[in-house]
Amino acid sequence: MLSGTTPVSAEEEERKQPLYYDSPEGFNPGGQGRDGTVSARFLQAELELNLHLRGLTFTEPVRFIYNPLEYAWAPHRCFVETYCRPGQSVLFLGMNPGPFGMAQTGVPFGEVKSVVEWLKVSGEVGHPTEEHPKRRIMGLSCPQREVSGARFWGFFRKLCPDPFVFFRHCFVHNLCPLMFMASSSKNLTPPELKRGERDALLAKCDIALGQVVNALGVSMVIGVGRVAEQRARKALSAAGINVRVEGIMHPSPRNPAANKGWEEVARKRLDELGVISLLTNS
């Protein structure tokens with residue numbers, strides 16, 4: 001999984017191998033999605049990205065890499081096939097999984113309570129080949145709460161008690177499916193990776209984002225957080241894809257401004273973008 005400097009031990013040499021995870025269902029998207037085409041094209045783009053990412057290597061500070069689109073493919077596929085449908089015009093774009101969100105559930109911003117109780121997503125979750133003892137994968141029974149996901153999905157649940165009202169117009173996706181950890185179990189975001197490794201990773205994610213946006217046919221991408229917004233603007237412009245790219249504040253508890261009232265800030269921004277009226281007039 002990781003490429004080290006020479007000389008290397010046998011353990012370090014083993015970590016050089018491409019990403020591989022056990023998965024309860026393998027990596028077959030299962031043919032056409034329930035809507036006939038859109039979800040299947042979306043899943044196919046993700047599967048192709050998985051194959052490309054398995055060929056990458058990462059060095060310190062990265063020590064563990066989790067890809068929930070492999071070991072949590074079943075609930076992820078359930079989410080996509082249930083909610084990815086024709087006619088959606090807005091794509092909310094996060095950066096990459098959090099340890100108690102998508103890493104556990106396979107759903108972007110996937111706080112367990114929201115995923116199970118509101119989205120009604122189900123499916124078996126396997127395990128990465130190598131897990132940090134402080135970051136075990138417990139799937140849909142994970143007791144820890146991801147604040148970002150609770151804020152994100154909780155806000156839209158208040159607006160749309162029926163999730164299908166939200167997904168009539170919107171979908172949610174992460175630019176990068178990988179979660180990175182240091183030996184200490186610290187979560188590492190893509191900007192914290194070594195420059196060459198980060199650039200190689202994001203170049204592949206950018207291509208997949210273009211495929212996803214084309215498959216969905218959305219007219220606006222809303223980056224959740226400045227990094228996702230800036231990356232989406234760069235990637236889609238480079239691909240010649242003419243969609244509007246905007247952004248909202250990230251709901252992370254690491255963000256002091258988000259802790260002072262993220263919902264109010266998000267509502268104001270989404271009202272400016274015309275998204276609130278889409279959701280409340282349905």
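## Strands, helices and loops in a predicted model

Strand β7 spans residues 244-248 and is mostly covered, with 4 of its 5 residues buried. This is a predicted model.

**The β6-α10-β7 unit**

β7 has a parallel partner. Strand β6, residues 220-224, pairs with β7 over 5 bridges. Within that pairing, V221 has V245 of β7 as its bridge partner. Helix α10, residues 226-238, belongs to the same arrangement: β6, α10 and β7 together form a β-α-β unit, and the unit is right-handed.

**The chain overall**

The chain contains 13 helices and 7 strands. It has 282 residues, and 55% of them are buried. Take the contacts with a separation of 6 or more: residues 24 or more positions apart account for 80% of these. The exposed surface of the chain is about 12,000 Å². Carbon and sulfur atoms supply 50% of that surface.

**A three-stranded sheet**

β1, β4 and β5 build an open sheet of 3 strands. Its order is β1-β4-β5, and the pairing is antiparallel. β1 and β5 are the edge strands, as each pairs on one side only. Between β4 and β5 there are 2 bridges, in the antiparallel sense. F180 stands opposite L188, a residue of β5. In a regular strand, side chains alternate between the two faces of the sheet.

**Helix α7**

Helix α7 covers residues 147-159, 13 residues in total. From first C-alpha to last, α7 reaches 18 Å, close to the 18 Å expected at 1.5 Å a residue. Which residues of α7 are buried? They are S148, G149, A150, F152, W153, G154, F155, F156 and L159. An α-helix has 3.6 residues a turn, so residues three or four places apart point the same way.

**Backbone points in the loops**

Three loop residues deserve a look. P61 sits in the loop between α2 (38-53) and β1 (64-66). The peptide bond joining E60 and P61 is cis, with omega about 15°.

The other two, K120 and S185, have a positive phi. K120 is a residue other than glycine, and S185 is also a residue other than glycine. The table sets out their angles and loops.

| Residue | Phi | Loop |
|---|---|---|
| K120 | near 60° | between α6 (112-118) and α7 |
| S185 | near 90° | between β4 (179-181) and β5 (187-188) |

Is K120 buried or exposed? K120 counts as exposed because its relative accessibility is 59%, over the 50% cut-off. S185 has a relative accessibility of 8%, so S185 counts as buried. The cut-off for buried is under 20%. The loop of S185 joins β4 and β5, two strands of the open sheet described above.

**D206 and its neighbours**

D206 is found in helix α9, residues 195-216. Why does D206 count as buried? Its relative accessible area is 12%, and the cut-off is under 20%. Leaving out residues up to four places away in sequence, D206 touches L175, R231 and A235. With R231 there is also a polar contact: the two side chains are joined at 2.6 Å. R231 and A235 fall within the residue range of α10, 226-238. D206 of α9 thus touches the helix of the β-α-β unit.

Technical notes: Residues are numbered from 1 along each chain as its sequence is written. This is a predicted model: local features need pLDDT of at least 70, side-chain atom pairs count only at pLDDT 80 or more; totals for chains, interfaces and linings use all residues. Side-chain values use heavy atoms; hydrogens and water are left out. Buried means under 20% relative accessible area, exposed over 50%, partly exposed in between (1.4 Å probe, protein chains only). Two strands pair if DSSP finds at least two bridges between them. A crossover is right-handed if, with the strands pointing away from the viewer, the path from the first strand over the helix to the second runs clockwise. The expected span of a helix is 1.5 Å times one less than its number of residues. Contact means heavy atoms within 4.5 Å. Accessible areas come from the Shrake-Rupley method with a 1.4 Å probe; for residues, only the protein chains shown count as cover. A polar contact is a pair of N or O atoms within 3.5 Å; within protein, one must be able to donate a hydrogen and the other to accept it, and residues adjacent in sequence count only if both atoms are side-chain atoms.
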